[in-house]
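Hi everyone, thanks for making the time. I'd like to walk you through one structure and then take your comments. Please have a look at it before I start.

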Amino acid sequence: MDLSDSGTTVTLIAGIAMLVGVLGVVIPVLPGLLLCWAAVLLWALLGDAGGGRWVVLALATLLALAGTLIKYLWPGKRLKNTGVPTTSLLAGGVLGVIGFFVVPVVGLVLGFVLGLFLAERVRLGPGQAWPSTRAALGAVGLSLLVEFTAALGVAAIWVAGLIWA
């Protein structure tokens, strides 16, 4: 691998960004799917691949847009069906941000779950708080799974583009 070649360097940078993007889906601080798509964009604009790079970029864009759309619509519908209000999710988000700074690494997740649970406990009482929280966490997990699948799909399209371009 000759790093003095600009095409190789761009491909290497795009690959690192792609890896960070896929990991960023699991680590909520990073914009994972957006970073994966931006890596493909960088590779298509500055790389030395042939004309197929534009096809790869178009496919990656379609998949990223579809993943983003599904990420918000499908879990949102599940949340609406469970009856968890937006205020409970906001309480989870606020405590998640606080938890991010109080407990490194896992504080965001712990704070979100705690905030959601406490808001549901106030709203529904002790008996129904956990089932409602669990249903909301299932919808959030579904959202994460959809985004992770889309990010892996974008990465797979890019790798296929590397092989065939």
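Let me begin with a question: does Trp158 count as buried or exposed? Trp158 counts as buried, because its relative accessibility is 6%, and the cut-off for buried is under 20%. Please keep in mind that this is a predicted model.

Now the overall picture. The protein has six helices and zero strands, so if you like patterns, reading along the sequence gives you α-α-α-α-α-α. The C-alpha trace spans about 65 × 35 × 15 Å along its principal axes. A compact globule of 165 residues would have a radius of gyration near 15 Å, but this protein has 19 Å. Buried residues make up 34% of the 165 residues. The accessible surface comes to about 9,400 Å², and 77% of that belongs to carbon and sulfur atoms. As for contacts between residues at least 6 apart in sequence, 59% of them join residues at least 24 apart.

Back to our tryptophan. A search of the whole structure finds three aromatic pairs, and Trp158 is in one of them, with Trp43. The ring centres are 6.4 Å apart and the planes are at 85°, so this pair is edge-to-face. It links distant parts of the chain: Trp43 sits in helix H2, residues 32–46, while Trp158 sits in helix H6, residues 126–164, and the two are 115 residues apart. Trp43 is buried too, with a relative accessible area of 1%.

Another pair is Phe100 with Phe101, again edge-to-face, at 5.1 Å centre to centre and 80° between the planes. Here the surroundings read another way: Phe100 counts as partly exposed at 32% relative accessibility, and Phe101 is exposed, with a relative accessible area of 65%.

On to the nonpolar core. In soluble globular proteins, nonpolar side chains tend to be buried together. Here the largest nonpolar core has 21 residues, and those with the most contacts inside it are Met18, Val40 and Val154. Which elements give two or more residues to this core? They are helix H1 (6–26), H2, helix H3 (52–82) and H6. H2 gives the most, with six residues.

Let's zoom in on Met18. Leaving out residues up to four places away in sequence, Met18 touches Cys36, Ala39, Val40, Val154, Ala155 and Trp158. There is also a second, separate core of six residues, which includes Val84, Phe112, Ala136 and Ala139.

A good companion to Met18 is Ala14, found in helix H1. Ala14 counts as buried, at 0% relative accessibility. With the same sequence neighbours left out, Ala14 touches Ala39, Leu42, Trp43 and Trp158, and those last two are the partners of our edge-to-face tryptophan pair.

Next, helix H3. How far apart are its end C-alpha atoms, and does that agree or disagree with the expected span? At 1.5 Å a residue, the 31 residues of H3 should span 45 Å, and the ends are 45 Å apart, which agrees. The buried residues of H3 are Arg53, Val56, Leu57, Ala60, Ala64, Gly67, Lys71, Pro75 and Leu79. They pack against H2, helix H4 (86–102) and H6. Just after H3, Gly83 takes a positive phi of about 85°.

Two of those H3 residues come up again from the other side. Ser143, in helix H6, is in contact with Lys71 and Pro75, leaving aside its neighbours within four places in sequence. Ser143 is buried, with a relative accessible area of 14%.

Last stop, helix H5, residues 107–124. Its 18 residues should span 26 Å at 1.5 Å a residue, and the end C-alpha atoms are 25 Å apart, which agrees. Gly107, Gly111, Phe112, Gly115, Leu116, Ala119 and Glu120 are buried in H5, and what covers them includes H4 and H6. You may remember Phe112 from the second core. H5 is followed by Gly125, whose phi is positive, near 100°.

That's my tour. Thanks for listening, and I'm happy to go back to any part of it.

How values were computed. Residues are numbered from 1 along each chain as its sequence is written. This is a predicted model: local features need pLDDT of at least 70, side-chain atom pairs count only at pLDDT 80 or more; totals for chains, interfaces and linings use all residues. Side-chain values use heavy atoms; hydrogens and water are left out. Rings of Phe, Tyr and Trp (its six-membered ring) pair if their centres lie within 6.5 Å; planes under 30 degrees apart count as stacked, over 60 as edge-to-face and the rest as tilted. Helices (H or I, at least four residues) and strands (E, at least two) are DSSP runs, numbered from the N terminus. Buried means under 20% relative accessible area, exposed over 50%, partly exposed in between (1.4 Å probe, protein chains only). A nonpolar core is a set of buried Ala, Val, Leu, Ile, Met, Phe, Trp, Tyr and Cys residues joined through side-chain atoms within 4.5 Å. Contact means heavy atoms within 4.5 Å. The expected span of a helix is 1.5 Å times one less than its number of residues. The radius of gyration is taken over C-alpha atoms; the globule rule is 2.2 Å times the number of residues to the power 0.38. Accessible areas come from the Shrake-Rupley method with a 1.4 Å probe; for residues, only the protein chains shown count as cover.
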